[in-house]
Amino acid sequence: MKSEFIIAITQLSAEKNLPREVVLQAVEAALASAYKRDGQIGGNVSVYIDRQTGNVHVYSEKSVVEEVENDRAEIDLTTARKSRPDTFVGDTMKFEVTPNDAGRIAAQTAKQVVLQKLRDAEREMVFEEFAGREGDVVS
């Protein structure tokens, strides 16, 4: 069964005349930007939205180091090897850190990023539509 979230994404893509995948990628980028700005999650944040269920998964990437200087972006080798024994210094590890909720500022950031990405995608679609007609007079 599709979630309301996926139904809304599908409806938005139909209204904007954009591919559904473009809208999903815009939302993923917006959520990643919002979680980074909110400050709850450290490291390199990536977001994945399950295309079938609409479940959102947030991952934090941390670099494996000998001595941790920034605990939000780095993890020491012994701790990393507890969860994955074949880890070496210099590797990156992904940890699922999906928060329960986001603050007001994170929601505003996500909204602004989604709107900007959708405007960019619409602009790109219009450009591609008329790029082949260069030199022609159209009305």
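**Figure 1. The salt bridge between R84 and D86.** The side chains of R84 and D86 come together in a salt bridge, with N and O 3.7 Å apart. As in every view below, the atoms belong to a predicted model. R84 is partly exposed, its relative accessible area being 33%. D86, by contrast, has a relative accessible area of 53% and is exposed, because exposed residues are those over 50%. In general, side chains of opposite charge can pair when their charged atoms come close.

**Figure 2. The protein chain as a whole.** This view gives the setting for the remaining close-ups. The protein chain contains four helices and four strands. Along the sequence these elements follow the pattern α-α-β-β-β-α-β-α. The chain has 139 residues, and 27% of them count as buried. Among contacts with a separation of 6 or more, 51% are between residues 24 or more positions apart. The accessible surface amounts to about 9,400 Å², and carbon and sulfur atoms contribute 50% of this area.

**Figure 3. The buried salt bridge between R51 and E28.** Six salt bridges are found in a search of the whole structure. One of them joins the side chains of R51 and E28, at a distance of 2.5 Å from N to O. R51 belongs to the loop between β1 (44–49) and β2 (56–65), whereas E28 belongs to helix α2 (residues 20–38), so the pair ties together parts that are 23 residues apart in sequence. Both partners, R51 and E28, are buried. The two residues also take part in a network of salt bridges that links E21, E28 and R51.

**Figure 4. A salt bridge within helix α4.** R123 and D120 form a salt bridge in which the closest N and O atoms are 3.1 Å apart. Both residues lie in helix α4, separated by three residues, or about one turn of the helix. D120 has a relative accessible area of 34% and is therefore partly exposed, a value between the limits of 20% and 50%.

**Figure 5. The nonpolar surface patch formed by V126, F130 and V138.** These three residues make a nonpolar patch of about 250 Å² on the surface. F130 is part of helix α4, which covers residues 104–131. With a relative accessibility of 37%, F130 counts as partly exposed.

**Figure 6. The two faces of helix α1.** Helix α1 has 13 residues, which at 1.5 Å a residue should span 18 Å; the C-alpha atoms at its ends are 18 Å apart, in agreement with that expectation. The buried residues of α1 are I6, I9 and S13. Seen down the axis of the helix, these buried residues fall within an arc of 55°, so they line one face of α1. The face turned away from the buried side carries the exposed residues E4, A14 and E15.

**Figure 7. The surroundings of S13.** S13 is located in helix α1. Its relative accessible area is 6%, and S13 is buried because this value is under 20%. Residues up to four places away in sequence being left out, S13 touches L18, P19, R20 and V23.

**Figure 8. The backbone at N17, just after helix α1.** N17 follows directly after α1 and takes a positive phi of about 60°. The residue is one other than glycine, and its phi is nonetheless positive. N17 is placed in the loop between α1 (4–16) and α2. At 61% relative accessibility, N17 counts as exposed.

**Figure 9. The contacts of S83 in helix α3.** S83 lies in helix α3, which is formed by residues 77–83. Apart from its neighbours within four places in sequence, S83 is in contact with M93 and F95. S83 and M93 are 10 residues apart in sequence, and their C-alpha atoms are 9.8 Å apart in space.

How values were computed:
Residues numbered from 1 in each chain as written. Predicted model: local features only at pLDDT ≥ 70, side-chain atom pairs only at ≥ 80, totals over all residues. Heavy atoms only, no water. Helix = DSSP H or I, 4+ residues; strand = E, 2+ residues; numbered from the N terminus. Buried < 20%, exposed > 50% of the residue type's maximum accessible area, 1.4 Å probe, protein only. Contact = heavy atoms within 4.5 Å. Areas by Shrake-Rupley, 256 points an atom, 1.4 Å probe, with all protein chains shown as cover. Patch = residues over 30% accessible without salt bridge, like charges linked within 9 Å, V, L, I, M, F, W, Y side chains within 5 Å. Salt bridge = Lys/Arg side-chain N within 4 Å of Asp/Glu carboxyl O. Expected span 1.5 Å × (residues − 1). Arc of directions from axis to C-beta.
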